[in-house]
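The following exercises are to be worked with the sequence and the structure in view. Each task is followed by a solution in steps.

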Amino acid sequence: MSQYYDLGDRTLWNPSNGTSRLFMSQVTVYQAEVGLPSGIGPMEADECQIDPVAFAAFVDALLAWHSKTRHAVMATMSEGFVATVLALAEIASIEVSWQGAKRAESHYLKTASDPHAKEWTAELQQKSRELVRHMAP
């Protein structure tokens with residue numbers, strides 16, 4: 001069994017029920033963190049609609065929130081969800097605003113006491129691109 005994430009009459013993603021259940025639970029958590037609705041509608045009869053305008057705003061807010069996270073455990077925990085949302089945005093042809101994240105990264109690298117601080121935006125972009133191959137119907 002599987003569930004459908006649709007944008008109008010186009011299916012963006014068709015994960016298993018377990019994957020979808022975990023994803024929807026995380027959507028609820030991160031909506032509260034960023035203070036915005038995700039634009040991902042309720043799952044009814046194994047289908048949900050995605051509002052592209054609300055989803056685009058959520059994606060940008062989520063990326064901005066993630067870019068400000070300096071707590072290693074929180075960043076690691078959220079990275080998978082953020083990459084999944086970015087992949088879903090790419091499948092939906094929603095343009096993501098990376099400028100704020102790159103500015104935050106640049107500022108962090110200049111001020112970090114860790115000389116091995118890595119550039120995470122490129123890695124996150126790569127992770128989300130890899131997920132697209134697994135998510136696209």
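**Exercise 1: Two helices and a salt bridge**

Helix α3 passes helix α5 in a right-handed crossing, a crossing being right-handed if the near helix is turned clockwise from the far one by less than a right angle, and left-handed if anticlockwise. The model is predicted, so local features need pLDDT of at least 70 and side-chain atom pairs count only at pLDDT 80 or more, whereas totals for chains, interfaces and linings use all residues. Residues are numbered from 1 along each chain as its sequence is written, and side-chain values use heavy atoms, with hydrogens and water left out.

Task: Determine how α3 and α5 pack and which residues form the salt bridge between α3 and α5.

Solution.

Step 1. The axes of α3 and α5 are 8 Å apart and meet at an angle of about 60°. Axes are lines fitted to C-alpha atoms, for helices over the stretch in contact, and angles run from 0 to 180 degrees between N-to-C directions. Helices (H or I, at least four residues) and strands (E, at least two) are DSSP runs, numbered from the N terminus.

Step 2. The two helices α3 and α5 are therefore oblique to each other; angles under 35 degrees count as roughly parallel, over 145 as roughly antiparallel, 65 to 115 as roughly perpendicular and the rest as oblique.

Step 3. The count of salt bridges (a side-chain nitrogen of Lys or Arg within 4 Å of a carboxyl oxygen of Asp or Glu) comes to 1. Glu79 and Lys127 form a salt bridge in which the closest N and O atoms are 2.3 Å apart. This pair links distant parts of the chain, as Glu79 belongs to α3 (residues 72-91) and Lys127 to α5 (residues 120-135), 48 residues apart.

Step 4. Glu79, with a relative accessible area of 24%, is partly exposed, and Lys127 is partly exposed at 37%. Buried means under 20% relative accessible area, exposed over 50%, and partly exposed in between (1.4 Å probe, protein chains only).

**Exercise 2: The sheet**

Task: State the strand order of the sheet and identify the residues of β2 and β3 that pair with Tyr5.

Solution.

Step 1. The sheet is open, with 3 strands in the order β2-β1-β3 and mixed pairing. Strands β2 and β3 stand at the edges with a single partner strand each, so one side of each has no neighbour in the sheet. From one strand to the next, the twist averages 40°.

Step 2. Strand β1 (residues 4-7) pairs with β3 (residues 47-49) in the parallel sense over 3 bridges; two strands pair if DSSP finds at least two bridges between them. Strands β1 and β2 (residues 10-13) run antiparallel and are joined by 3 bridges.

Step 3. The bridge partner of Tyr5 in β3 is Cys48, while in β2 Trp13 stands opposite Tyr5. Asp6 has Thr11 as its bridge partner in β2, and Leu7 stands opposite Arg10.

Step 4. The hairpin of β1 and β2 has 2 residues between the strands, and Gly8 takes a positive phi near 65° there.

**Exercise 3: Aromatic pairs**

Task: Find how many aromatic pairs there are and classify the pair of Tyr5 and Phe23.

Solution.

Step 1. Rings of Phe, Tyr and Trp (its six-membered ring) pair if their centres lie within 6.5 Å; planes under 30 degrees apart count as stacked, over 60 as edge-to-face and the rest as tilted. The count by this rule is 6 aromatic pairs.

Step 2. The ring centres of Tyr5 and Phe23 lie 5.7 Å apart with the planes at 85°, so the pair is edge-to-face. Tyr5 is in strand β1 and Phe23 in helix α1 (residues 17-34), so this pair ties together parts 18 residues apart in sequence. Tyr5 is buried at 0% relative accessibility, and Phe23 is buried at 4%.

Step 3. The aromatic pair of Tyr30 and Trp65 is also edge-to-face, at 5.6 Å centre to centre and 70° between the planes. Tyr30 lies in α1 and Trp65 in α2 (residues 52-68), so the pair ties together parts 35 residues apart in sequence. Both Tyr30 and Trp65 are buried.

Step 4. Ring pairs link Tyr5, Trp13, Phe23, Tyr30, Trp65 and Phe81 into a cluster.
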